[in-house]
Amino acid sequence: MVAKKKFLFGLKADRQIDGDKMNREFSDRVMAEGGEGAAIAACMQCGTCSGGCTNIDRMDMSPRTLILMVQRGEWEKVLKSNSLWLCTTCYICTSRCPRGVRPADVIEAVKAIAIRQGIENDSTRFNQIFVELVQKRGILFEPELMQKYGGLQAMLEQAKLGIQLTLKGKMSPFPAKIKNPKKFNEALEKAGKQ
Amino acid sequence: MKYSYYPGCSLHTTAKEFDISTKVVMEELGIELKELEDWSCCGGSVAAGVSHDVGMAMAARNVALAQKQNLDLLASCSGCYNKSARAAKALENETEKDRINTILSKMGISVSDYNIRVRNVVDVLVNDLDISSRIKKPLTGLKVACYYGCLLTRPADITGWDSPVIPMSMDKLAQACGAEVVDFRSKTKCCGGPILVSKQEVAFELTKKLLDEAKSLDADCIVLACPLCATNLELRQPDIEKKYNVSYNLPVLYITEIIGLALGIKPGKLGINKHIVSPKSVLAKLGI
Ligand code: SF4
Ligand code: SF4
């Protein structure tokens, strides 16, 4: 058997940005999600994004690889990667990328696609509850977020801090809300389903 | 100068001292703040990762309300500032503007053509005002570690008024107040705020590194402008101490609080008594 050709003119073949390996379908979807992930095709695989990434040590796929996988349309790999949920949206990658690729925005768009595809874990659950609660009143009520996400256990763990905050006048037992939460909620509910 | 002031969810709750000190300091410096009427949550770092349009609409709603008041929007919270500035930029793009408008119109709000600027309180304090001539009580002898985190200065095309990699604005402000600024290498490293709940261990580890460095530099306190960073660095400090069996006892103050002190404003008026990690050691060092 002939060994698979790994290098081509000094470039690792699997890192080459060769047109025929690109699969626009996924990139297009990421772009359609919105934001500024539009420069995916410009990635030259330099790895600068990975070099500065906050959580790269814990990620199963570096931001650089993730961009490559998006370029190639490797859906399953991207959607299954824990990198999506370890990314803190800290924009270090985006600030450093020499090609204007905006990996943080790409990851943000992929997260939204993953949630719509039904991927579930602690992070997707937290993110969805967060959005749901903001939609409900327009203003976040943190104790409710803790209760919905972590149940009684989380409430108990946070009880001491909660009491301290209440005593300092920094937490009200009653949630605040905007003037017309119903309309706010309906408009966003619809937008989120599209 | 007059601004439409956007406090956001945190400044009305866990970061009340940031709200109080922003108002007092701005008033002292002759800046008028008019709270944005009927403001809503900006969606934080989470909403756009659930749906881009929902995240953008949440943040753009406040920008649209500020447009109605014909005033630039001023936010103290780095997160609210960043997301609002991002929305304001998106509104300059026709496609995005249409998408956002469709959602906001269902709320009975419309985006106008009146472009406003979104500013952060640190930007205004360092670039528009001259606090050095107003210092009454220099913070002589106080060693501070200025922590910028992520959203105050990144990404540069949304913020643009300070370096995304080596920002200096808070260092300059603290120096103008007479404090000694330590060389805090981790000042733009992420504290893990957005994953604090879903990946607590990771967030604690990231925050611990920041506390360790500030402590090793012998800083008397950390100074910052983000309530989410403060949640990690201050409110969760006891949890981190317990988990790693260490002791920091490191006060965390908002930049507006230390400026207020230097302007000669009484700590009580700045809300300094509202901290969970007591800033008594800081006040003692200043002889207040
Ligand atoms: S820094 Fe930019 S160009 Fe380099 S690998 Fe990352 S996304 Fe690609
Ligand atoms: S935004 Fe995400 S991918 Fe980029 S450096 Fe930060 S954690 Fe890493």
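**Local geometry, salt bridges and packing in a predicted two-chain model**

At 47% relative accessibility, Asn70(B) counts as partly exposed. In this predicted model, Asn70(B) sits in the loop that runs between helix H3 (52–68) and strand S3 (73–75) of chain B. The backbone here deserves a look: phi of Asn70(B) is positive, about 55 degrees, although the residue is not a glycine. As general background, most residues other than glycine have a negative phi, and most peptide bonds are trans. A second case of this kind is Asn249(B), with a positive phi near 50 degrees in a residue other than glycine. Asn249(B) belongs to the loop between helix H10 (237–244) and strand S8 (252–254) of chain B, and with a relative accessibility of 55% it counts as exposed. The peptide bond from Arg154(B) to Pro155(B) also stands out, being cis with omega near -15 degrees. Pro155(B) is placed in the loop between S5 and H7 of chain B.

From Asn70(B) the view can be moved to Asp128(B), which is 58 residues away in sequence and 19 Å away in space, C-alpha to C-alpha. Asp128(B) is found in the loop between helix H6 (121–127) and strand S5 (143–146) of chain B. With a relative accessible area of 41%, Asp128(B) is partly exposed. Once neighbours within four places in sequence are set aside, its contacts are Tyr3(B), Arg119(B) and Asp123(B). Two of these partners are themselves paired, since the side chains of Asp123(B) and Arg119(B) form a salt bridge with an N to O distance of 2.9 Å. Asp123(B) and Arg119(B) are both buried.

Salt bridges recur elsewhere, and a search of the whole structure returns 26 of them over all chains. In general, side chains of opposite charge can pair when their charged atoms come close. Within chain A, Arg137(A) and Glu144(A) are joined in this way at 2.7 Å, N to O, and both residues are buried. Another salt bridge connects Lys170(A) with Glu17(B), whose closest N and O atoms are 3.0 Å apart. This pair crosses between chains, leading from the loop between H9 and helix H10 (181–193) of chain A to helix H2 (residues 16–28) of chain B. Are its two ends buried or exposed? Lys170(A) has a relative accessible area of 1% and is therefore buried; Glu17(B), at 1% relative accessibility, likewise counts as buried. Residues of the two chains also come together in a network of salt bridges that links Arg102(A), Asp105(A) and Glu108(A) with Arg86(B), Lys89(B) and Asp157(B).

Two helices of chain B illustrate how its interior is packed. In helix H7 (residues 169–176), the buried residues are Ser169(B), Met170(B), Asp171(B), Leu173(B) and Ala174(B). What do they pack against? Their partners in chain B are H6, S5, strand S6 (180–181), strand S7 (221–224) and helix H11 (255–262). After H7(B) comes Gly178(B), with a positive phi near 95 degrees. Helix H9 (residues 227–235) of chain B is largely enclosed by the rest of the structure, because eight of its nine residues are buried. Among them are Pro227(B), Cys229(B), Asn232(B) and Glu234(B).

Chain A contains 10 helices and two strands, and from the N terminus its elements follow the order β-β-α-α-α-α-α-α-α-α-α-α. Of its 194 residues, 49% count as buried. Contacts that join residues at least 24 apart in sequence make up 60% of those between residues at least 6 apart in this chain. The accessible surface of chain A amounts to about 10,100 Å², and carbon and sulfur atoms account for 55% of it. Leu152(A), Met155(A) and Leu156(A) make a nonpolar surface patch of about 320 Å². Leu156(A) is part of helix H9 (residues 142–167) of chain A, and its relative accessible area of 61% makes it exposed.

Chain A also provides the surroundings of ligand 2, including Cys53(A), Cys87(A), Cys90(A) and Cys93(A) together with Thr54(A), Pro63(A) and Tyr91(A). Helix H6 (92–96) and helix H7 (103–116) of chain A each contribute at least two residues to this shell. How many charged residues does the shell around ligand 2 have? There are no charged residues in it; by class, nine are nonpolar and three are polar.

Technical notes. Residues numbered from 1 in each chain as written. Chains lettered and ligands numbered in written order. Predicted model: local features only at pLDDT ≥ 70, side-chain atom pairs only at ≥ 80, totals over all residues. Heavy atoms only, no water. Patch = residues over 30% accessible without salt bridge, like charges linked within 9 Å, V, L, I, M, F, W, Y side chains within 5 Å. Areas by Shrake-Rupley, 256 points an atom, 1.4 Å probe, with all protein chains shown as cover. Salt bridge = Lys/Arg side-chain N within 4 Å of Asp/Glu carboxyl O. Helix = DSSP H or I, 4+ residues; strand = E, 2+ residues; numbered from the N terminus. Buried < 20%, exposed > 50% of the residue type's maximum accessible area, 1.4 Å probe, protein only. Near = heavy atom within 4 Å. Nonpolar A, V, L, I, M, F, W, Y, C, P; charged D, E, K, R; others polar. Contact = heavy atoms within 4.5 Å.
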